[in-house]
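The exercises below concern the reading of geometry from a structural model. Each task is followed by a solution that proceeds step by step.

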Amino acid sequence: MMIIQSVKMAFKSIWASKMRSFLTMLGIIIGVMSVITLVAIGQGAAKKVTDQVQRLGSNLLTVNILGRGSSTVIDYAQAEQLAEIEGVSRVSPVITQNATVKYGTESEDVNVTGTTRDFLDVQHYELAAGRFIGQVDLDFRHKVAVLGSDTAETLFGGDRAVGAYLTINGNRFKVVGVLAPKGESTAGSSDEIVIVPITTGERVFRAAGVRTIYLTVENEKEAEAVSGRLENHLAKIFRGDTNSFRVFSQQELLETVSSVSDTLTLALGGIAAISLVVGGIGIMNIMLVSVSERTREIGVRKAIGAKKRNILLQFLVESVVLSGLGGLIGIGAGIGVANAVSRTMSIDVAFSPDLLLLAFGFSMAIGVVFGLFPANKAANLNPIEALRFE
Amino acid sequence: MAELKTTEDQPLIVVDKLVKTYKMGGETLHALDGVSFSIRRGEIVCIIGPSGSGKSTLMNMLGCLDTPTSGSYLLDGEEVSRLRGNRLAEIRNRKIGFIFQNFNLLPKLNAVENVELPLVYRGVPGRERRKLALEALEKVGLGDRWKHRPKQLSGGQQQRVAIARALAGNPPILLADEPTGSLDTRTGKEVMSLIRELNGIGHTVILITHDLSIAEQSRRILHMKDGRIVDESGVPS
């Protein structure tokens, strides 16, 4: 009952001096607004990266072979055998080489990727036209190529690509398919690509052995376990030389990204929290002024029977209402500013309800902490002296 | 004596050898120097004396705003001279209705909200509070002005709102400190006749003033000087 009464009184006295109340809240408003805006932008950036990683599939494992010399390289056949490891569903060994691709007078330097049939599924590509590399192409080292959408556009313009011939480092290849556009990834455009059978690639580029193997696991929750089995298997192939290869999971990448973004968010939030504390000091300042202005009122209230805690509560509620109201306005302003920034600068923003609640709770807590001292001062006033106060 | 508190014959106030000293610099100032008297229910008593006579200190004691250095104060059968802070606030809330010289209404509240204030601190629920407050305003003849803010009322009306506030909680004692001090003679007379009227319907009134013409309106006058009661005129009825 007393609390409701106090809240009513607080709103009344805040409303009675609107300008002053607004200026008092301004510190909190700016503080909360900057917390919300900065963290929303930080989380938006993190979300964008995370989405990109997840688009690749969180069931993806990558093996990099670092070893040099013929003895520490695994060949295409050994790579294919990794599919027999428990939990692995698809394997796609890859060799890559920068090469000059020519069609008529058009010529372009692109990343030529030698790989197998499963590449399409492992990398989540889709075909726009034609077919992908088949087992026959691998077995007979056919000189066929599948183009990324950008590359097809640059060299042929449109979909006349399928059936045409182009040269890669002077070797004639028949274009059998074109991939659908996939978009940007963290490693640049994934649509500027030429895919050839890995066996053909080995011969054309005179590159022995596989450098990179992409694998998908059956169940993404088991990615860690599969990654462990994979490491054991590879260690056998490399005779215990674990430095010759590395296994990455998308999960690890996600963790790295999120730890970076968490640190960033924490730093931004910390800076903004300082401005909140400054806002709190502003509230304390005004509350102290208000207590001394209303000394007489406090005296009257005490004379007619207000207890210490009644007065304490009244002033505490007033400062909490001030800071809480400031917090709410700040949250609204923060969401508005973040959205405006996102629209004008085409940055992604993300709001987590947790953060909004935290910002509101924090601003209320500021009201309690910085209101306590003035409220206590008011509650401890001597009624006789307070009544005599002019 | 506490067990007799329900008896109607029991004096409402019994003050015995009340002493209040202040330390000012190195000197000890005796603001009250052994004051003893008693007041019965329904009496109207005036305490009069020049400034510095200790009447304000006595009023603070009687109003439970302050506690004496020594001596006893039996209020409505309860010894209150040794109570502290919150207990005193409770006693003030239930037993004493204050009427101040400069009204001391809260400017941001309207008349009825001002009158409700003691009931708020007593924890009376909203609807009943409003009813009691309106009744009190009715008693002082301002039932139709309940929505007005203090600034929209004349001095006399403000004092009457303040009297309604003192009445709202139905305390046994009305304690009036120079109730006409800020009013012109005519309004002062009106307020005094209201106070006498209230005394007539059974309220115990203690008046503190330095104005003899006001004091003469009460049947019993206690004269104070240098922290003592030096003279008592009028017979305790």
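**Exercise 1. Determine whether Ala223(A) is buried or exposed, and describe its surroundings.**

Step 1. Ala223(A) has 22 other C-beta atoms within 10 Å and is therefore buried; the class requires 20 or more other C-beta atoms within 10 Å of the residue's own, 12 or fewer make a residue exposed, counts in between make it partly exposed, and C-beta atoms are placed from the backbone.

Step 2. Ala223(A) lies in helix 8 (residues 223-237) of chain A. Helices (H or I, at least four residues) and strands (E, at least two) are DSSP runs numbered from the N terminus.

Step 3. Leaving aside residues up to four places away in sequence, Ala223(A) touches Asn59(A), Leu61(A), Val217(A), Ser249(A) and Gln251(A). Contact here requires C-beta atoms, placed from the backbone, within 7 Å.

Step 4. From Ala223(A) to Glu108(A) the C-alpha distance is 38 Å, with their positions 115 residues apart in sequence.

The conventions are as follows: the model is predicted, so local features need pLDDT of at least 70 and side-chain atom pairs count only at pLDDT 80 or more, whereas totals for chains, interfaces and linings use all residues. Residues are numbered from 1 along each chain as its sequence is written, while chains are lettered from A and ligands numbered from 1 in the order in which they are written.

**Exercise 2. Locate Glu86(A) and state how far its C-alpha atom is from that of Arg229(A).**

Step 1. Glu86(A) belongs to the loop between helix 3 (76-81) and strand 2 (88-103) of chain A.

Step 2. Glu86(A) is exposed because it has 10 other C-beta atoms within 10 Å.

Step 3. Although 143 residues apart along the chain, Glu86(A) and Arg229(A) have C-alpha atoms separated by 7.9 Å.

**Exercise 3. Assess chain A against the globule rule.**

Step 1. Chain A contains 13 helices and 12 strands.

Step 2. For 390 residues the globule rule gives 21 Å, but the radius of gyration of chain A is 33 Å, well over that value, so chain A is more spread out than a compact globule. The radius is taken over C-alpha atoms, and the rule is 2.2 Å times the number of residues to the power 0.38.

Step 3. Along the principal axes, the C-alpha atoms of chain A fill a box of roughly 105 × 50 × 30 Å.

Step 4. An automatic or database domain assignment divides chain A into domain 1 (2-52 + 258-388) and domain 2 (89-218). The centres of these two domains, taken over C-alpha atoms, are 59 Å apart.

Step 5. Of the 390 residues in chain A, 41% are buried.

**Exercise 4. Apply the same analysis to chain B.**

Step 1. Chain B has seven helices and 10 strands.

Step 2. A compact globule of 237 residues would have a radius of gyration near 18 Å, and chain B, at 18 Å, agrees.

Step 3. The box filled by the C-alpha atoms of chain B is roughly 50 × 40 × 40 Å along the principal axes.

Step 4. Of the 237 residues in chain B, 46% are buried.

**Exercise 5. Characterise the side of chain A that touches chain B, and the packing of helix 3 of chain B.**

Step 1. Contacts join 17 residues of chain A with 19 residues of chain B.

Step 2. At least two residues of this side of chain A come from each of helix 1 (2-16), helix 10 (295-303), helix 11 (308-345) and helix 13 (383-388).

Step 3. The side of chain A comprises eight nonpolar, four polar and five charged residues. Ala, Val, Leu, Ile, Met, Phe, Trp, Tyr, Cys and Pro count as nonpolar, Asp, Glu, Lys and Arg as charged, and the others, Gly among them, as polar.

Step 4. In helix 3 (residues 111-122) of chain B, 11 of the 12 residues are buried, including Glu113(B), Leu117(B) and Tyr121(B).

Step 5. The buried residues of helix 3 of chain B pack against helix 1 and helix 11 of chain A, together with helix 2 (85-95), helix 4 (126-139) and helix 5 of chain B.

**Exercise 6. Compare the surroundings of Asp76(B) and Asn170(B), each with a positive phi.**

Step 1. Most residues other than glycine have a negative phi. Asp76(B), not a glycine, has a positive phi of about 50 degrees, and Asn170(B), also not a glycine, has a positive phi of about 50 degrees.

Step 2. Asp76(B) lies in the loop between strand 4 (70-75) and strand 5 (78-79) of chain B, and counts as buried because it has 21 C-beta neighbours inside 10 Å.

Step 3. Asn170(B) lies in the loop between helix 5 (155-168) and strand 7 (173-177) of chain B, and counts as partly exposed because it has 14 C-beta neighbours inside 10 Å.

Notes: Contact = placed C-beta atoms within 7 Å.
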